[in-house]
Amino acid sequence: MPVFPMFVDLKGKRCVVVGGGNVAARKIEALMAFGPAITVVSPNAVNEIVQLADMRQIDLLLREYREDDLSEAFVAIAASDDEAVNESVYNSCVKRGIMVNTVDDPEKCTFIFPAIVRRGDLVVGVSTSGRYPSMSKKVRQHVGASIPPYWGEAVDLLEPFRVRAKEEIKNEEKRKRALREIMDEALSCYEKYERQQLLLRLERIFEGYADYEND
Ligand SMILES: C[C@@]1(CC(=O)O)C2=NC(=C\c3[nH]c(c(CCC(=O)O)c3CC(=O)O)Cc3[nH]c(c(CC(=O)O)c3CCC(=O)O)/C=C3\N/C(=C\2)[C@@H](CCC(=O)O)[C@]3(C)CC(=O)O)/[C@H]1CCC(=O)O
Ligand SMILES: NC(=O)c1ccc[n+]([C@@H]2O[C@H](COP(=O)([O-])OP(=O)(O)OC[C@H]3O[C@@H](n4cnc5c(N)ncnc54)[C@H](O)[C@@H]3O)[C@@H](O)[C@H]2O)c1
């Protein structure tokens with residue numbers, strides 16, 4: 001059965017990582033862009049994790065995992081190299097209703113990591129439902145190559161038009177057309193024009209659709 005791609009708000013949420021090896025470091029790196037409050041519990045940790053702790057970007061507890069480490073957790077990652085520890089983290093999370101990822105056992109995951117393409121707030125997640133991670137990586141590379149970096153900035157530029165459109169273009173079909181046309185113009189012209197000029201072009205399209213213009 002395929003997994004459903006839920007997009008979760010992690011900002012400020014406690015994320016407990018058990019284990020401080022390379023796999024933990026990779027999972028942490030993936031999470032960091034989404035603003036969780038990360039705690040790593042592990043008797044030792046690779047340099048990348050130690051550095052993040054030194055910069056106070058994550059909390060690092062240099063000791064073995066205990067069940068009460070999960071008390072504040074929103075999500076947990078069992079990334080130790082000890083199967084019994086990972087299993088114990090998994091069981092405690094299930095009991096407490098905490099989402100958990102066990103890095104060496106897809107059966108013991110209530111969520112799995114996707115391969116991620118991110119351009120600002122534009123996020124693409126790829127999964128093979130746990131069946132072939134290398135293929136997720138390949139698809140990520142393909143998709144990534146077809147999404148220019150500025151598409152993320154375009155979201156920032158476009159969103160205010162959508163906010164206004166909800167107020168100023170009441171007809172749903174007309175609003176959809178307007179938003180598509182404004183988006184297509186922004187994406188095709190983004191690199192051709194200065195920001196102010198581009199905004200003017202988008203504004204002109206918007207005004208062609210806005211209710212007050214046609215009243
Ligand atoms: C997408 C990505 C995200 C990330 O890790 O952030 C990710 N794995 C990536 C790469 C990768 N992982 C592995 C290889 C070596 C080749 C191979 O073994 O196939 C490569 C390829 C490489 O490194 O080139 C080894 C591996 N992975 C898992 C196991 C355990 C097992 O399957 O039993 C083992 C064996 C461990 C061992 O040998 O002991 C399990 C999982 N890995 C997942 C995610 C979840 C399912 C994703 C999906 O649905 O596709 C899942 C189920 C759980 C999870 O970890 O969430 C990231 C690509 C990121 C990118 O490049 O963008
Ligand atoms: N999901 C994936 O993408 C993927 C990819 C490769 C490997 N793996 C699997 O992930 C696991 C971790 O890999 P790694 O390379 O990071 O291993 P590693 O040996 O580098 O790191 C394991 C970490 O777990 C810590 N640890 C051990 N006992 C602990 C305890 N009781 N409490 C807290 N921490 C404890 C160790 O101190 C160490 O920091 C391995 O089992 C490996 O098979 C998963």
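**View 1. The surroundings of ligand 2 in this predicted model.** Helix α1 supplies the largest share of the shell around ligand 2, with three residues. There are 22 residues around ligand 2 in total, and the ones that come nearest are Gly19, Gly21, Val23, Tyr65 and Ser80. Sort that shell by class and you get 11 nonpolar, seven polar and four charged residues.

**View 2. The surroundings of ligand 1.** Here 22 residues surround the ligand, and Phe113, Ala115, Ser127, Pro133 and Ser136 are the closest. Two elements give two or more residues to this shell: α1 (22–32) and α4 (133–145). Of these, α4 gives the most, with five residues. The class split for the shell around ligand 1 is nine nonpolar, seven polar and six charged.

**View 3. Val143 on helix α4.** Staying with α4, this is the helix that holds valine 143. Is valine 143 buried or partly exposed? Valine 143 counts as partly exposed, because it has 13 C-beta neighbours inside 10 Å, whereas a buried residue needs 20 or more. Setting aside neighbours within four places in sequence, valine 143 is in contact with three valines, namely Val117, Val124 and Val126. Isoleucine 116 sits 27 residues away from valine 143 in sequence, and their C-alpha atoms are 9.7 Å apart.

**View 4. The largest nonpolar core.** This core has 28 residues, and Val17, Val18, Ala76 and Ala78 touch the most other members. Strands and helices both feed into it: β1 (14–18), α1, β2 (37–41), α2 (47–54), β4 (75–78) and α3 (83–96) each give two or more residues. Zoom in on alanine 76 and, leaving out neighbours within four places in sequence, you'll find it in contact with Val16, Val18, Leu70, Val89, Cys93, Ile98 and Val100. A second, separate core is made up of eight residues, among them Phe161, Ala186, Phe206 and Ala210.

**View 5. Two domains and an annotated stretch.** The domain assignment splits out domain 1 (1–113) and domain 2 (150–214). Taken over C-alpha atoms, the centres of domain 1 and domain 2 are 40 Å apart. UniProt, in an unreviewed entry, lists residues 162–196 as "coiled-coil region". In the model, residues 162–196 are 77% helix and 0% strand, and the C-alpha atoms at the two ends of the span lie 18 Å apart.

How values were computed. Residues are numbered from 1 along each chain as its sequence is written. Chains are lettered from A and ligands numbered from 1 in the order in which they are written. This is a predicted model: local features need pLDDT of at least 70, side-chain atom pairs count only at pLDDT 80 or more; totals for chains, interfaces and linings use all residues. A residue is near a molecule or strand if its C-beta atom, placed from the backbone, lies within 6 Å of it. Helices (H or I, at least four residues) and strands (E, at least two) are DSSP runs, numbered from the N terminus. Ala, Val, Leu, Ile, Met, Phe, Trp, Tyr, Cys and Pro count as nonpolar, Asp, Glu, Lys and Arg as charged, and the others, Gly among them, as polar. UniProt positions are given in the numbering used here, feature names are shortened, and annotations may be inferred rather than shown by experiment. A nonpolar core is a set of buried Ala, Val, Leu, Ile, Met, Phe, Trp, Tyr and Cys residues joined through C-beta atoms within 7 Å. A residue is buried if 20 or more other C-beta atoms lie within 10 Å of its own, exposed if 12 or fewer, and partly exposed in between; C-beta atoms are placed from the backbone. Two residues are in contact if their C-beta atoms, placed from the backbone, lie within 7 Å. Domain bounds come from an automatic or database domain assignment.
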